[in-house]
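Trainee: I am new to this structure. May I ask how each label is earned?
Mentor: Please do. Let us look at it together.

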Amino acid sequence: MKNKFLHSIICLLLGGTSLFAQHQFSGTVIDAKENGVFYATVALYNQADSTLVSAASTEDDGTFEIKKIKNGAYFLKTNMLGYDEVITTDVVFPRDHQKAFSIQLLESANDLETVEVTAKLPLLEQKSDRMVVNVENNITGMNNNVLDVMKKVPGVLVTGDKIRMAGQSTVTILINGKSTDYMDMESLLRDMPGDNIKKVEVIHQPGAEFPAEGTGAILNIILKKNSLFGTNGQVSAGVGRGYADWKYRSSVSLSHYQGNVNIHGGFGYRNSPYYDRMTIVRNVAGDIYEQVSVNPQYSEGIRGNLSLDWDITDQHRVGFSSRLYDSRSDNTIQNVTNIDFKSEDETDGSLFTTNVQDDRWQFYAVNPYYTFEIDTAGQKLELDFNWVTIQNDGFSTLSEVEGSEGLSFAGLRFIQPGMTNIYTTQLDYTYPFSNALKLQVGGKYSDATLDNDLIVEDENTENEWIKNDTDSNRFIFDETIAAAYTKLTYGKDEWSGTLGLRYENSQSIGNSYSALGDSTLNRDISKFFPSASIGRDINKVLGASLAYSYRINRPRYSSLNSFVYSLDPFTSERGNQALTPAYTHSVKFSLAYEKQPFFNIEYRITNDAMIDMTEQDDETGETSLSTVNLDSYKNFNASLFFPLDFIPKVTGYGGVIANHSLYQSVYLDGNFERAKWDVTTFIQANFTLPFKIESEISGWYNSGGQEGIINSSWLYGVDVGFSKKVLNDKAKISFGVENLFARYLEADIRYLNMDLRINDRWDGPIVNFQFSYKFGNPHMKDSQKRRGSASDEINRAQKS
């Protein structure tokens, strides 16, 4: 074992040169007219025991090549849908080294036109360390953005523009396995189109290969990638109507996959107005403040992407992917505050204000990579780079308008330019000791630099804007994270397991500049983060697993900046330089039925949990929101999933999640302790109506939970969708209604001097219509590994 490992390291250093003599051969598969047959499977078997040795799929001209064959006697099997199988015997090496075979296939007696493929990926798949939600063909979530698709993930609640899982407010979002730290998640989730998502991986107990960042589940968004041979593409256009306005969107994508090069690009445009109406009623020492804010937001954006994969040889692959988003929003938040004073000496009044906002958000990312497939046993080296630039330009003016009675407000203006630059590099090495045991080691380095400026201006009595040096602030933040990990993965017979250890060293420095004085915040963190799991197949359909992880949640840079930003005359957000990281221990037990999620129990303890909390100034009547550390947060979560396949002609799933949250801490000189059970139920059913109309109905219900200081009431939502393929299945017409039936957020805050009632009503129902048309070659190839239709055979050969 030791010599094999040393040999592999030598191969790695010398470019993977083998010490053993190996053979190769090639050939062409043709039909009765001597035309090349594309995508046929050619499999090589051992003559002695009929075990599969290797396999390949033919190119567009019918050619194939198989390499790294040892001395011995073999036979070939050639298959293609619609043709009779051909067996070629007496294949012997070294005699047939570099021989070119010619194999002719004859059409099967069975009429190919009668063959109809109806298999689909299940919506849910339970893998050893994650649950996979296949949303690619989702009907009700395909017409809008990521937030709409996230509604299809079991246990995820989307309230307004916020994402949380049942009992877990700190959800970590990755895109293709890459971090979204430092990014404007609200803009990113709003601007990324939902029809660009292939699947979402829900990882409750991430292994050592993942960043230790976060205390809740990881939602890894996997974007679509071209897997069709030749030139192909898709155009789509959609229109929708929300509560207050129309929405428009269009996109085009084009791909070309020829030989060993795969290139893909796309462009899209959206115009997506959004509506939100929030009412807050506060009791401030007996005075009643009723605040109503109406936000008809108008937002538009463009997006583009370009990627290339190049297989230099069978072992070496290079490529890159790039993405850009350019989003602009223009909205006027209208606010009315009515105050009913308790004292008869004060006159009740009304204050009418507007918050005119003009924001632009630009995102650019380039991700080059290199992969070295060292051998066919699974040994490989992966090198990945990532450069991200984010530019924010925000401008808002909060001022009084006509209609006020008895109250007045001096205008405020906020100018917020910002720039973020992120550089990341990662190296991963995989070494299989055997078919049952695999080693992964790797390292990662990231450097993020953020420069944000907050310029505050006051309006004087002559309607002139004067800079407020006291409240203005510039914040420059730099953070580097160096990480290394190792992970062992075991799987044999009915047993499986992982054991991982990750080390992270982060060094951050934040400099705040203002007229009140400059300040510097330094924070260095060095820590080990272990993870482990063990699983066993109880029988042919039932499997069990137990997993543990230890993680960290670092404060976001924006939370560390001591800014004050007014949303309306009596509500503001504030930064908190005193924030410290939160640490979480988590353990989870799972049962899977036929590889699909069935039953889970999870318990997690978080120390110094970072939670959004409010405080109130009774003298001014103002309420502010900021992120603070609470001493302890404990969460118990149990979930049960069930398929709907027992209903004739219906597919889908349903589930129930029971969650208990407990917060304990000293906050604002009081003993803050909140505990509450809540239940979430969800269901998604897919069925086919007459005329092959695909239909989907989904719904969810939450009994209301405790999220920090906010106690929410019950809420629910129901979506429906229909789609029909036309024009020889090249085009599809989709129609859907989101929030067809819904109850929106109702919550309260009652702690010390705070007594608030909140009602938030966001956009809905939203009616969507979309037309999409696909063109080009319908034959599929795998752009990650050019194995084509022989991928299953190759996987079996590697395990033999």
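Mentor: Start with a loop. Pro94 sits in the loop between strand S6 (86-93) and strand S7 (100-104). Keep in mind that this is a predicted model.

Trainee: What makes the peptide bond from Phe93 to Pro94 stand out?

Mentor: The bond is cis, with omega near 20 degrees. Most peptide bonds are trans. A second cis bond to mention joins Gly764 and Pro765, where omega is about -5 degrees. Pro765 lies in the loop between strand S44 (754-762) and S45.

Trainee: What is notable about the phi of Lys68?

Mentor: Its value is near 60 degrees, which is positive, and Lys68 is not a glycine. Most residues other than glycine have a negative phi. Lys68 belongs to strand S4 (residues 63-69). Asn739 also has a positive phi, about 55 degrees, and is not a glycine. Asn739 is in strand S42 (residues 731-743).

Trainee: Are Lys68 and Asn739 buried or exposed?

Mentor: Take Lys68 first. Its relative accessible area is 35%. Buried needs under 20% and exposed needs over 50%. Lys68 falls in between, so it is partly exposed. Asn739 has 8%. That is under 20%, so Asn739 is buried.

Trainee: Why is Leu105 called buried?

Mentor: Its relative accessibility is 0%. The limit is under 20%, so Leu105 counts as buried. Leu105 is in the loop between S7 and strand S8 (124-126). Leu105 and Asp31 are 74 residues apart in sequence, yet their C-alpha atoms are 5.0 Å apart in space.

Trainee: How do you know that Arg317 and Asp311 form a salt bridge?

Mentor: Check the distance. Their closest N and O atoms are 2.7 Å apart. The cut-off is within 4 Å, so the pair qualifies as a salt bridge. Side chains of opposite charge can pair when their charged atoms come close. A search of the whole structure finds 19 salt bridges.

Trainee: Where does Asp311 lie, and why is it called buried?

Mentor: Asp311 is in strand S20 (residues 287-311). Its relative accessibility is 11%. That is under 20%, so Asp311 is buried. Its partner Arg317 is buried too. Asp311 and Asn262 are 49 residues apart in sequence and 8.8 Å apart in space, C-alpha to C-alpha.

Trainee: What makes Glu504 and Arg554 a salt bridge?

Mentor: Their closest N and O atoms are 2.8 Å apart. Within 4 Å is enough, so the pair passes. The pair links distant parts of the chain, 50 residues apart. Glu504 is in strand S28 (residues 495-513), and Arg554 is in the loop between strand S30 (542-553) and helix H4 (557-560).

Trainee: Why are Glu504 and Arg554 called buried?

Mentor: Glu504 has a relative accessible area of 3%. Arg554 has 7%. Buried means under 20%, so both labels hold.

Trainee: What makes Glu213, Arg502, Glu504 and Arg554 one network?

Mentor: Salt bridges that share partners join these residues.

Trainee: How do you know that Arg750 and Asp748 form a salt bridge?

Mentor: The closest N and O atoms are 3.4 Å apart. That is within 4 Å, so the pair counts. Arg750 has a relative accessible area of 43%. That lies between the buried and exposed limits, so Arg750 is partly exposed.

Trainee: What makes up the nonpolar surface patch?

Mentor: The patch covers about 720 Å². Its residues are Val235, Val252, Leu254, Phe267, Tyr269, Ile302, Leu324, Tyr364 and Phe775. Strand S17 (246-258) and strand S18 (261-271) each give two or more residues to it.

Trainee: Why can Phe775 count towards the patch?

Mentor: A patch residue needs over 30% relative accessible area. Phe775 has 32%, so it clears that limit. Phe775 is in strand S45 (residues 766-776).

Trainee: What lines the second largest pocket?

Mentor: The pocket is lined by 15 residues. Leu412, Asp471, Val564, Ser566 and Glu622 lie nearest its centre. Strands that give two or more residues to the lining include S24 (412-432) and S25 (437-459). The lining divides into six nonpolar, four polar and five charged residues. About 220 Å³ of space lies in this pocket.

Notes: Residues numbered from 1 in each chain as written. Predicted model: local features only at pLDDT ≥ 70, side-chain atom pairs only at ≥ 80, totals over all residues. Heavy atoms only, no water. Patch = residues over 30% accessible without salt bridge, like charges linked within 9 Å, V, L, I, M, F, W, Y side chains within 5 Å. Areas by Shrake-Rupley, 256 points an atom, 1.4 Å probe, with all protein chains shown as cover. Salt bridge = Lys/Arg side-chain N within 4 Å of Asp/Glu carboxyl O. Helix = DSSP H or I, 4+ residues; strand = E, 2+ residues; numbered from the N terminus. Buried < 20%, exposed > 50% of the residue type's maximum accessible area, 1.4 Å probe, protein only. 1 Å grid on protein atoms, 1.4 Å probe; cavity = no way out; pocket = protein on both sides within 12 Å on 5 of 7 lines; lining within 4 Å. Points joined across faces, edges and corners; volume = space filled by probe spheres on them. Nonpolar A, V, L, I, M, F, W, Y, C, P; charged D, E, K, R; others polar.
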